[in-house]
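Thanks for coming. I will take one model today and go through what can be read from its coordinates.

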Amino acid sequence: MRKRSEPDDWDALRDRVIGLGEHSHRKSHYSQSRARLHDNERFRRLLDASDELILVAAPDTGRIVDANEGACRRLGVARKELLGRSLNEFCDCANGVLPELPPADGAAAVRQSFRMKGADGTRFVAAGSAALESVDGSPFISLVLLDITEQQRAQAVLREERDRSRLYLDTVPAIVVALDRQGRITLVNSFGCRLLGWEADRLVGRDWFEACVPAGDHDVVKPYFERLMRGEVGGHEYFENRLLTASGRHVLVAWRNALLHGGTEEVVGILSAGVDITERRAAEEAAHSLAFFDPLTGLPNRRLLLDRLQHAAASGVRSGSHHALLFLDLDHFKVLNDTRGHDQGDRLLVETAKRLKEAVRIGDTVSRLGGDEFVVLLEQLSPTLEEAAAEATVAAQKILAGLSAPYLLAEGSYVGTTSIGITLFGGGDVDSIDELLKRADLAMYQAKASGRNALRFFDPAMQAALSARAGLEDDLRRAIALNQFVLHYQPQIDSSGTCVGVEALIRWARPGRGLVAPGAFIYLAEENGLIHPIGRWVIDEACRQIAAWQDDEQMAPLTVAVNVSPRQFKRPDFVKEICGAIEVHGIRATGLKLEVTEGVLVEDVDDVIAKMSALRDRGVRFSLDDFGTGYSSLAYVKRLPLDQLKIDQSFVRDVMIDPNDAIICRAVIGLGRSLGLGTIAEGVETARQREFLLAEGCGCVQGNLYARPMPGEEMRAWMRRRSASNTEEA
């Protein structure tokens, strides 16, 4: 017997369900679509071809009133056999019979999943939508489901693989980080969290560079990441950078990177695995330091010195430059060790190393061979052997001075001396490295044999030159103390033949050598600073001579020109010295003319102009000496408060035979005329030279054609003779 609520004809009930779209305006969009599909046979065939399970059942009995072929195939029951059977035979519903659904008042379908079984007992899971609908007041359930058993199984496999991968990443002894295209952290493993000192949830989502890369490394790391994202860098290229931990400590990490691709093969980020190499790198650096550096002083040891010597020898062959090897030994170091202890000896060695590094140029090498022996390598000296020797001498003297200053040790100060042996090499010659060290060592022992606190060259010729230079310097200092200098004066003649001035030229009355010209000693005075006392003496003596001539009618109009060294001119008290000499001797300032060379223009032109202007305001005149041979910029010459340009004798000497010299002389004269400056030419030896210069407009000439430099009294006598001769001719 059927229940009264059940229809008499299942086919009629099914037809009523199929016609849902014609009788209800309140049912859901899903129900409307499904009803229309049932009304259209073509869409019915499409539904039957679908893999979806479409079932329609009565809600009170759960009997199936319609189903598509997809449901029949999956449940293993023909359509005719399926109709009228209960959903409970195929579906494990939550309430034991049917799914829980809202009232049939137009509510949306509910997404649910069901455990289902086929006619053969096979169980599977289907997910989809379930809706309660009403037709002519009679409710019906419609189910649209899809078998998701394989999908769930695949997801379970993926979850298992992901869990295994995560477990693997967390056991890898390396930091593993995934970043998106913007550099945000999307994954970091447990090792990475421990290394960085952060929990994973504190890192994921943060900017990697801001959170974990020291600010000073951004300029290197960020561009590398961007090039990696653009495919400009190989994904597996080795890369190192520092990381900033939560505690502020820096660790060095070596990375390998792999690009991460999305479903469209677009690069979506990178996966990087890094190994902490902080301790390994520190160990490598320590090993390198032990291999190549002295552990006490930190200086290069013998091994590194030999390597740099090889490199220097090869570069000398290519460039033609010379190099110098200085072998140093601390005098009486053993006595210090024995009397004050080895700890004080070590302290002295450390301080010696520091002073040596301060005494040499950047790029030179200071090394310690052991004990109290040090070696200094001076590279890229002059290609000329003599000049290279002079440069090495200056460097060695600077070292001697630095090491002779008192040392502050635990038991008071200590003053020590050093012996230095020097050998030159390079300049295209290939020398044995061992032989170089032997030569420098031998020269050092020669320095010790000479009385210590000295330097000696291995080359006998260089040693002779060094000895001569040292003797010259000693005699020069003695000459200053004993006032062994004199001034001689050379006339300067204008275009009318009148002597309008003289140039004061220093001579050294060196005992046993006669009068020595300035070219033999001024260069040394410039190098060692003796030019300052010598320059002061010249200024004072010239002013004294001007004062002596002021009462002489013939001599009083003369201007006395004095050469001023660039080093002397740069002294802060230079203006004060000149003004003081003028006042002490009571002379007219216009009688003094200072000849400055173009060397004063090399540094601080504004200071030069200020000093010249201050003196010119007092009446002192200025001549630019050796014009055209140095560094002159016409812009600077224009600004200088000059009275005269002096044509260098190197242009005058060949003015009649070298067209280039003639052109230069004409140019200087023309420049002086255009700037309103006088011109004077020095080194005039012949009448033809004089006539050429005067014809071109040169205002004055000076040279042996008229007279050689002479003492002040002889100059007075020369003027009287010249005056008398001119009177007789008249």
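**The largest pocket**

Strand E20 supplies five residues to the lining of the largest pocket, the most of any element. This is a predicted model, so please keep that in mind throughout. The volume of this pocket is about 880 Å³. Which of its 37 lining residues are closest to the centre? They are Glu503, Leu505, Pro518, Asn563 and Asp625. The elements that give two or more residues to the lining include strand E19 (485–494), strand E20 (499–510) and helix H19 (522–528). Helix H20 is also one of them, as are strand E22 (559–564), helix H21 (566–569), strand E23 (592–597) and strand E24 (621–627). By class, the lining of the largest pocket has 15 nonpolar, twelve polar and ten charged residues.

Next, the closed spaces. There are five cavities of 30 Å³ or more in the structure. The largest cavity has a volume of about 160 Å³. It is lined by 14 residues, and those closest to its centre are Trp208, Val221, Asn257, Ile270 and Ser272. Two or more lining residues come from each of strand E7 (175–180), helix H10 (208–212), helix H11 (218–229), strand E9 (239–244), strand E10 (250–261) and strand E11 (267–276). Helix H11 gives the most to this lining, with four residues. What classes of residue line the largest cavity? Eleven are nonpolar, three are polar and none is charged.

Now the protein as a whole. The protein has 28 helices and 27 strands. Of its 730 residues, 46% are buried. Taking contacts between residues at least 6 apart in sequence, 58% join residues at least 24 apart.

On to the cores. In soluble globular proteins, nonpolar side chains tend to be buried together. The largest nonpolar core here has 80 residues, and Leu594 and Met715 touch the most other members. Helix H20 gives the most to this core, with nine residues. A second, separate core has 34 residues, including Val360, Val366, Ala392 and Leu409.

What does methionine 715 touch, not counting residues up to four places away in sequence? The list is Tyr489, Pro491, Cys499, Val502, Trp549, Met555 and Met710.

Tyr489 comes up again with glutamate 541, a residue of helix H20 (residues 531–549). Leaving aside neighbours within four places in sequence, glutamate 541 is in contact with Leu487 and Tyr489. Is glutamate 541 buried or exposed? Glutamate 541 has a relative accessible area of 17%, under the 20% cut-off, and therefore counts as buried.

Cysteines next. A disulfide is a covalent bond between the sulfur atoms of two cysteines. How many disulfides does the model have? The count comes to zero. Cysteine 499, for one, is in no disulfide: the nearest cysteine sulfur belongs to cysteine 700 and is 9.1 Å away. The cut-off for a disulfide is 2.5 Å between sulfur atoms, so that pair does not qualify. Cysteine 499 is buried, with a relative accessible area of 9%. Cysteine 579 is buried as well, at 13%.

One more cysteine appears in a backbone distance. The C-alpha atoms of glycine 670 and cysteine 698 are separated by 9.0 Å, with the two residues 28 apart along the chain. Glycine 670 lies in helix H26 (residues 659–675). Its relative accessible area is 25%, which makes glycine 670 partly exposed.

Last, two asparagines to look at in the backbone. Asparagine 453 has a positive phi of about 50 degrees, although it is not a glycine. This residue sits in the loop between helix H17 (433–449) and strand E18 (455–457). Asparagine 453 is partly exposed, with a relative accessible area of 40%.

Where is asparagine 483? Asparagine 483 is in the loop between helix H18 (460–482) and strand E19. It too is not a glycine, and it has a positive phi of about 55 degrees. With a relative accessible area of 48%, asparagine 483 is under the 50% cut-off for exposed and so counts as partly exposed.

To go back to where I began: strand E20 gives five residues to the lining of the largest pocket, and Glu503 and Leu505 are among the lining residues closest to the pocket centre. That is the end of my part.

Note on methods:
Residues are numbered from 1 along each chain as its sequence is written. This is a predicted model: local features need pLDDT of at least 70, side-chain atom pairs count only at pLDDT 80 or more; totals for chains, interfaces and linings use all residues. Side-chain values use heavy atoms; hydrogens and water are left out. Buried means under 20% relative accessible area, exposed over 50%, partly exposed in between (1.4 Å probe, protein chains only). Contact means heavy atoms within 4.5 Å. A nonpolar core is a set of buried Ala, Val, Leu, Ile, Met, Phe, Trp, Tyr and Cys residues joined through side-chain atoms within 4.5 Å. On a 1 Å grid over the protein atoms alone, a cavity is a set of points where a 1.4 Å probe fits but cannot get out, and a pocket is an open set with protein on both sides within 12 Å along at least five of seven lines; lining residues have an atom within 4 Å of a point. Grid points are joined across faces, edges and corners, and a volume is the space filled by probe spheres set on the points. Ala, Val, Leu, Ile, Met, Phe, Trp, Tyr, Cys and Pro count as nonpolar, Asp, Glu, Lys and Arg as charged, and the others, Gly among them, as polar.
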